[in-house]
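Thanks for coming. I will go through one model, starting with its sheet and helices and ending with its charged pairs.

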Amino acid sequence: LRLVVLISGGGSNLRALLDASQDAEFPARVVAVGADRQADGLAHAEHYGIPSFVVPFTSFDSREAWGDELLAQLREWQPDVVVLSGLMRLLPAQVVAEYAPAIINTHPAYLPEFPGAHGVRDALAAGVTETGASVIVVDDGVDSGPILHQRRVPVEPGDTEATLHERIKPVERELLIQTVLDLANGTIDLKEYRA
Ligand code: GRF
């Protein structure tokens, strides 16, 4: 299964996928890593000798133009599935139109609770005693697509956004690896989610 992973940050979820795909038995390959900025996580791609590309959001005068370039880059790599893992931008409509439902996203909350860019902060602010991690199919909404895997993560007294996020991320990584395995072995067929 050919994966292109899109990131904006440290890429800890990406690293987990790259680590897993070092095992020859792992039925998926990260064929390229893309980013909307010079993300720290690109170092993981370099470490594993995986091609990467940057489409700097700030270099384009519109989301549309940025999306066109991102789409052109994605087409180069012929992904079977596009994995958003810490991409902090909404995918442009033309990218969703071309690849959905073969686009999955990891989110550090128990969707549909706390969607959006600050799911960890929002859960903390809401004072809940448990939040979670989710892997969903990307649709044209914000973290609104069908849920493929999710698991609860406890909020501990005294948690900060950072400590809570660090407790959520390992669960996210596990769910992401499991989802990729399910996609590769047919347990999950994304075609069932075609709008
Ligand atoms: C992850 O929790 C992801 O779900 C969220 O932002 C975080 C990115 O972490 N969108 P990393 O870049 O994978 O370390």
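Helix α3, residues 63-77, lies across β1, β2, β3 and β4, and its direction is at about 150° to β1. Lying across implies contact here, meaning heavy atoms within 4.5 Å. The angle is taken between N-to-C directions and can run from 0 to 180 degrees, with axes fitted as lines to C-alpha atoms, for helices over the stretch in contact. The element names come from DSSP runs, numbered from the N terminus: helices are H or I with at least four residues, strands are E with at least two.

Before going on, a word on the source: this is a predicted model, in which local features need pLDDT of at least 70 and side-chain atom pairs count only at pLDDT 80 or more, while totals for chains, interfaces and linings use all residues. Residues are numbered from 1 along each chain as its sequence is written, and side-chain values use heavy atoms, with hydrogens and water left out.

Helix α6 also lies on strands: it crosses β1, β4, β5, β6 (130-137) and β7, at about 155° to β7.

Now the sheet itself. It is open and has 7 strands, in the order β3-β2-β1-β4-β5-β6-β7, with mixed pairing. Two strands count as paired if DSSP finds at least two bridges between them. At the edges are β3 (52-54) and β7, each of which pairs on one side only. On average, neighbouring strands are turned by 20° against each other, direction ignored.

Which way do β1 and β2 run relative to each other, parallel or antiparallel? They run parallel, and 6 bridges join β1 to β2, residues 29-35. Leu3 stands opposite Val30 in β2. Strand β1 covers residues 2-7, and 5 of its 6 residues are buried, so β1 is largely enclosed by the rest of the structure. Buried means under 20% relative accessible area, exposed means over 50%, and partly exposed is in between, using a 1.4 Å probe and protein chains only. Strand β2 is also largely enclosed, because 6 of its 7 residues are buried.

Helix α1, residues 12-20, is mostly covered, with 7 of its 9 residues buried. Those are Ser12, Asn13, Leu14, Ala16, Leu17, Leu18 and Ala20. Among the elements that cover them are β1, β2, α2 (42-47), β4 (81-84), β5 (103-107) and α6.

Next, a pair of helices. Two packed helices are described by the angle between their axes and the distance between the axes. For α5 (residues 119-126) and α6 (residues 161-185), the angle is about 115° and the axes are 9 Å apart. Val120, Arg121 and Leu124 of α5 make the contact with Glu161, Leu164, His165 and Ile168 of α6. By class, that is 4 nonpolar, 1 polar and 2 charged residues. In this scheme Ala, Val, Leu, Ile, Met, Phe, Trp, Tyr, Cys and Pro are nonpolar, Asp, Glu, Lys and Arg are charged, and the others, Gly among them, are polar.

That brings us to the charged pairs. How many salt bridges are there? The count comes to 8, where a salt bridge is a side-chain nitrogen of Lys or Arg within 4 Å of a carboxyl oxygen of Asp or Glu.

One of them joins Arg121 and Glu161, at 3.3 Å from N to O. Arg121 is in α5 and Glu161 in α6, so this pair ties together parts 40 residues apart in sequence. Arg121 counts as partly exposed, at 40% relative accessibility, and so does Glu161, at 33%.

Another is between Glu174 and Arg151, with the closest N and O atoms 3.1 Å apart. Glu174 lies in α6 and Arg151 in β7 (residues 147-154), so here the parts tied together are 23 residues apart in sequence. Glu174 is partly exposed at 47%, and Arg151 is partly exposed at 35%.

In the bridge of Asp159 with Arg167, the closest N and O atoms are 2.6 Å apart. Asp159 counts as buried at 13% relative accessibility, whereas Arg167 is partly exposed at 25%. Finally, Glu113, Glu130 and Arg152 are joined into one network by salt bridges that share partners.
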